[in-house]
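Trainee: I am new to this structure. Could you take me through it by question and answer?

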Number of protein chains: 2
Amino acid sequence: MEIQIPALSKAQLSERLAVLKDEYNKYKALGLKLDMSRGKPGADQLELSNALVDPGLLGNNKASNGFDVRNYGILDGIPECKKLFAEILDVPVDNVIVFGNSSLTIMYDYIAQCMIFGAGAEPWSKQSGIKFLCPVPGYDRHFAILEQFGIEMINVPTDENGPDMDMIEELVRDEKVKGVICVPMYSNPSGITYSDETVRRFAALKPAANDFRVIWDNAYCVHHVGAPDKLLNIFEACKEFGTEDNFIEVTSTSKISFPGSGVAALAASANNIAAIKKRMTVQTIGYDKINQLRHVNYFKDMAGIEAHMLKHAAILRPKFDAVLSAFDKHLAGKGIASWTVPNGGYFISLDVYKGCAKKTVALCKEAGVTLTGAGATYPYGNDPEDKNIRIAPTFPSRDELCKAVEILCICVEIAAIEKILEK
Amino acid sequence: MEIQIPALSKAQLSERLAVLKDEYNKYKALGLKLDMSRGKPGADQLELSNALVDPGLLGNNKASNGFDVRNYGILDGIPECKKLFAEILDVPVDNVIVFGNSSLTIMYDYIAQCMIFGAGAEPWSKQSGIKFLCPVPGYDRHFAILEQFGIEMINVPTDENGPDMDMIEELVRDEKVKGVICVPMYSNPSGITYSDETVRRFAALKPAANDFRVIWDNAYCVHHVGAPDKLLNIFEACKEFGTEDNFIEVTSTSKISFPGSGVAALAASANNIAAIKKRMTVQTIGYDKINQLRHVNYFKDMAGIEAHMLKHAAILRPKFDAVLSAFDKHLAGKGIASWTVPNGGYFISLDVYKGCAKKTVALCKEAGVTLTGAGATYPYGNDPEDKNIRIAPTFPSRDELCKAVEILCICVEIAAIEKILEK
């Protein structure tokens, strides 16, 4: 059925609605409980890393520098773990700090410390009306951090090449704009990867603020699902412009090994590394080095990481395909929805008929399908067009997922038709 | 030799000094490298917890609530780990939050967040001239946190019952005084435990500030070396006065299992727990639950912890005894030094002849014995009488320790005699 829903007559819409509601009610009667709300690995993905807890991986408990990983010490990570992250992020080892279990916490703490101590200038908390630029749709937990610190967020639209760089170049001329927070590769939720030109324009930014920081959340740098995208190395791009200090890059093994029990890391310029370490030495004696050693000896190197990620991809690809083929089957050509087709990451971004995201999510909920809340992909939970929904296909089993997506497609269409009929 | 050094004649002092210098130079010629500087467990203590990395402890990776510990989720700790810390701290489970690997980091973050968001009133960073009371001698890392945040520190002298409570009661009448930071049990470095009366007077404090917090760092609550001290439960003591909101208690397994790879926890009133969780939900998705499950299944309960701590005590007691008997042998009755005799914790506090701590530490250093820096036990590294040295007997082997303490005793006496001769 290839029909442009908005072009139908009221009678045709009502007829179609009745059919859809019938299908919807049948699903509803099943009393399902399906969760597509969060970017969590599925149970089968967790099984891939079970051997990570093998005590044999710890050998004699010594890091490569002879340090006993069971005791206090080593602020910035054991050498071999720094090296592994240096390979993953393609930066020199000296530009890496290994932290605890979460890159989210690294970002939170970095911004908290900019609030209290500043980023080389007045503490952000002492400067009134500071702002961050937020490519949208984006990651709700990024926005939650900025909101908690009272940093004003400005939406910057994104297309398949990344955020609108004309707009960013213009906005950074305001010295109240202190930074950008973004996921440059397999972006959350769109799954797109910033083009080389976008990355170069980021590197070339000349912000008015001398305490400007881009939080470059490279969460999905090795998380390919299809043919790998390639992200230009931001620090390489910066060299031409001498702007390395503008960027704080983070990543983690949360979706490589175990979420919550992985290892996270930060990459930054020598200046930023020195400033961060200076504060860090007061915040901690050091992070979990046993877990660092465990990870290095399990994955060994970049080749080991890549081989492991192929196993994740083999599990995830059918799930992404299930969603995309259902969208193709039920929504394509109807003029009421569009979506991204990512090559990696954890999400698909679905745009439904304008003004219908909240309604769609509510209808799904009523039928037992939990989605990420509508609006979550925008600062303050406010999607100005009420149309974006983040689809997280990884956690449910493929069977559950197929059912959930069928229901979702019905809800998308019901919400659209009801909206059109209202007019 | 029982002689009061300060009572000797110049000639006698010079003669004694020559003998000591001779001994000192013999040690110096050995080119030793001994470290008594930090409160680190020794290698033999680390061996006690090796079975903690046994994967069998993780069973089917499920927490008691059925949650897969390998995945995202559970903000405040798996239920059984909360329960374990509730037992350790003798508080209700609902008043516990389990964090990551470090109670130092919990304290840092708590104070950071008081700076940015306040403790129920104006953010501390927006109130000028705020102060904390610091029982001295105290823990250098506590002071480093307060100094980094620009919080003025006021010394409060401590005796065998705890800090001078008359002074604290008086000082908290200043609304700029926002709190106290202390180790109430087996204090760092004195090893003393606050008396019941001291704890009750803490509970009864009526600070002028309505955003007053005592950071009650109960790091050594189960770390007995001799006959156990008993610390009155601060939250029990608070009940009479309704002052529960004034206290933030922390502890960790850093010196129970592995430093850096343990689990840390916080106990607080319902109000404080709610406020902390609200911010925490933005800072993290959750801490390392695999490590939490590992710890609970290894130690099981308070009885398991106590049995394990007896093994630590068996290793530590001879080390404490070595230091104390050397002090008795070489320093007792000479009128140039006094020291504490702790029943637990990680330290002994040594007071040398007034004005001689720096000199003593420098002499030790020159002879290959590294001590905690003189002054470290005071805010800003400034021991006004230059007399306190923190002795950390745990890390060296007993043989190394015996040698180090011999040298230390010589240095204490040399520094004292030289000081007296200067007069």
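The turns below go from the pair of chains to single strands.

Trainee: What kind of model is this, and how are its parts numbered?
Mentor: This is a predicted model, in which local features need pLDDT of at least 70, side-chain atom pairs count only at pLDDT 80 or more, and totals for chains, interfaces and linings use all residues. Residues are numbered from 1 along each chain as its sequence is written, and chains are lettered from A and ligands numbered from 1 in the order in which they are written.

Trainee: What relation links chain A to chain B?
Mentor: A rotation of 180° with 0.0 Å of shift along its axis superposes chain A on chain B, with an RMSD of 0.0 Å. The fit is by least squares on the C-alpha atoms of residues with pLDDT of at least 70 in both copies. That is the relation of a two-fold axis.

Trainee: Which helix gives the most to the side of chain A that touches chain B?
Mentor: 42 residues of chain A are in contact with 42 residues of chain B. Contact means that C-beta atoms, placed from the backbone, lie within 7 Å. Helices (H or I, at least four residues) and strands (E, at least two) are DSSP runs, numbered from the N terminus. With six residues, the helix that gives the most to this side is α4(A).

Trainee: Which strands stand at the edges of the open sheet in the order β10-β11-β13 of chain A?
Mentor: Three strands form this sheet, and the pairing is antiparallel. Strands pair if DSSP finds at least two bridges between them. Two strands have a single partner each, so one side of each is left without a neighbour in the sheet: β10 (337-339) and β13 (388-391) of chain A.

Trainee: At about what angle does helix α12 of chain A run to β13(A)?
Mentor: Helix α12 (residues 357-366) lies across β11 and β13 of chain A. Axes are lines fitted to C-alpha atoms, for helices over the stretch in contact, and angles run from 0 to 180 degrees between N-to-C directions. The helix runs to β13(A) at about 40°.

Trainee: How many residues of strand β8 of chain B are buried?
Mentor: Buried means that 20 or more other C-beta atoms lie within 10 Å of a residue's own, with exposed at 12 or fewer, partly exposed in between, and C-beta atoms placed from the backbone. Phe247(B), Glu249(B) and Thr251(B) point one way, Ile248(B), Val250(B) and Ser252(B) the other, and all are buried. The strand is largely enclosed by the rest of the structure, because the buried count is six of the six.

Trainee: Which residue is the bridge partner of Ser252(B) in β9(B)?
Mentor: β8(B) pairs with β7 (residues 213-217) of chain B in the parallel sense over four bridges. Five bridges join β8(B) to β9 (residues 264-268) of chain B, and these two run antiparallel. In β9(B), the partner of Ser252(B) is Ala264(B).

Trainee: Which residue stands opposite Ser349(B) in β13(B)?
Mentor: Ser349(B) and Asp351(B) are on one side of β11(B), Ile348(B), Leu350(B) and Val352(B) on the other, and all are buried. Four bridges join β11(B) to β13 (residues 388-391) of chain B, in an antiparallel run. Opposite Ser349(B) stands Arg390(B).

Trainee: Which residue in β11(B) is the bridge partner of Ala337(B)?
Mentor: β10 (residues 337-339) of chain B and β11(B) pair in the antiparallel sense over three bridges. The partner of Ala337(B) in β11(B) is Val352(B).

Technical notes: Two residues are in contact if their C-beta atoms, placed from the backbone, lie within 7 Å.
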